[in-house]
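Let's take a walk through this one, going from its open spaces to the elements around them. Have the model open and follow along.

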Amino acid sequence: MTDRLGELSAAGVAIWLDDLSRTRLSSGGLDQLRREKHLVGVTSNPTIFAKALSDADEYNWQLKDLATRGVDVEEAVRMLTTYDVRWACDVMRPAYDATAGVDGRVSIEVDPRLAHETQKTVAEAGALWWLIDRPNLFIKIPATEAGLPAITATLAEGISVNVTLIFGLDRYSQVMEAFLAGLEQAKANGHDLSKIGSVASFFVSRVDTEVDKRLEKIGSDEAKALRGKAAVANAQLAYERYGEVFSSDRWQALADAGAHPQRPLWASTSTKNPDYRDVIYVEELIAPGTVNTMPESVIHAVADHGETRGDTITGSYDAARKAFADLQAVGVDMADVVAVLEREGVEKFAASWLELLDGVKKSLAEAAKGAGAPNKAAKGNARAAAQAGGNA
């Protein structure tokens, strides 16, 4: 059988999973993906955690302990989510060691309600870093205007960062500038640059969803012919900018000091429109030094019928620029598209965070009354599995 995921990995794409749950950890499912599907990283977000905690009884024993202690809901959420991420870091540690710290990373997001507060974001990033206490952790910070200086300040402290919610090219350039400045400060602060990692999460499918909606509203044949073109072109032009920044003398000075480049990570890569190929945002975004974080369904789709046709980004830049020009010609304002997507992205994650808080609050109340009393065997098995992961 063709190892399609192996071919993708060999083409320079790091395969990450866009999902995490206690069930996935305790069942060994995450470790199986690492061993059998070339998985070398994991991302999480408030939406993923809200779903995980609403679906599984495996959190009951921990909820019971937290309820007995009388912790508030904010602390309970942090204890529950950091437990899972710490465990996942241990599961992915072999990939971290095998790649000298480039991959094997697991991401956790700062409270999205802090997206417009720089100092609080920096403080929470530091708190998550020492609370989880794993070298292969990424702290996710959104690429808002307030997030940019927080990215620099966090990296300057030697903390690895996954910059999230990037939609536009200009903001991506600002993110790379924040990264370079952060590493320069980290070097001045005496940190080992080889231990600091970063990715820039450039969102893909949401761009097509928003642009296609506008093209449908415009309604002309010329407009409709451009459906499904914006997202790939946007990401391809982002990779062009990545190549320019990470071939500069400024970057070379950091590389000479041991730094790893901030790789572009293609996020939101599940196809939202059923008329499009289900692996389009994988096949059309293959290039060395990239990351593609996928839901498990997309990983299996790639394994089943994905095609790796070599580098599908480099050399596409003129065509991508033409796609942008055509979109502008029919009346699509990409600057407004990007602004809308960033605002909605922050709002959606903040809403998921509130949903998560509400769910945990209810679970704590049930646990305090004994409704969530833990199964002792399950509790022991979960802790044993977590310990085994830590010893991997």
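Start with the largest pocket, which holds about 510 Å³ of space. Keep in mind that this is a predicted model. The lining of this pocket takes in 28 residues, and if you head for the centre, the closest ones are Asp18, Phe203, Arg206, Ser268 and Lys272. Several elements chip in with two or more residues each: helix 4 (46-55), strand 5 (161-166), strand 6 (198-203), helix 11 (205-218), strand 7 (263-267) and helix 18 (334-368). Helix 18 gives the most, with 5 residues. As for the chemistry of the lining, you're looking at 12 polar, 9 charged and 7 nonpolar residues.

Now move over to the second largest pocket, with about 290 Å³ of space. Its lining is made up of Gly168, Leu169, Asp170, Asn234, Leu237, Glu240, Arg241, Arg321, Phe324, Met334, Ala335 and Val338. Sorted by class, that's 6 nonpolar, 4 charged and 2 polar residues. Here helix 13 (230-245) is one of the elements that supply at least two residues, along with helix 10 (169-188), helix 17 (317-329) and helix 18. Helix 13 gives the most to this lining, with 4 residues. You've met helix 18 before, since it also gives 5 residues to the lining of the largest pocket.

Strand 5 deserves a second look too, as one of the elements lining the largest pocket. How many of its 6 residues are buried? The count is 6 of 6, so strand 5 is largely enclosed by the rest of the structure. Next to consider is its partner, strand 4: the two run parallel and are joined by 4 bridges. Within this pairing, isoleucine 141 stands opposite valine 163 of strand 5.

Strand 4 (137-142) also takes us to helix 8, because the buried residues of that helix pack against strand 4, as well as against helix 6 (73-91), strand 3 (105-109) and helix 9 (147-156). Which residues of helix 8 are buried? They are Thr118, Thr121, Glu124, Ala125, Gly126, Leu128 and Ile132. The geometry of helix 8 checks out as well: at 1.5 Å a residue, its 15 residues (118-132) should span 21 Å, and the end C-alpha atoms are indeed 21 Å apart. Just past the end of helix 8, have a look at the backbone of aspartate 133, which takes a positive phi of about 60°.

Note on methods: Residues numbered from 1 in each chain as written. Predicted model: local features only at pLDDT ≥ 70, side-chain atom pairs only at ≥ 80, totals over all residues. Heavy atoms only, no water. Expected span 1.5 Å × (residues − 1). Buried < 20%, exposed > 50% of the residue type's maximum accessible area, 1.4 Å probe, protein only. Contact = heavy atoms within 4.5 Å. 1 Å grid on protein atoms, 1.4 Å probe; cavity = no way out; pocket = protein on both sides within 12 Å on 5 of 7 lines; lining within 4 Å. Points joined across faces, edges and corners; volume = space filled by probe spheres on them. Nonpolar A, V, L, I, M, F, W, Y, C, P; charged D, E, K, R; others polar. Pairing = 2+ DSSP bridges.
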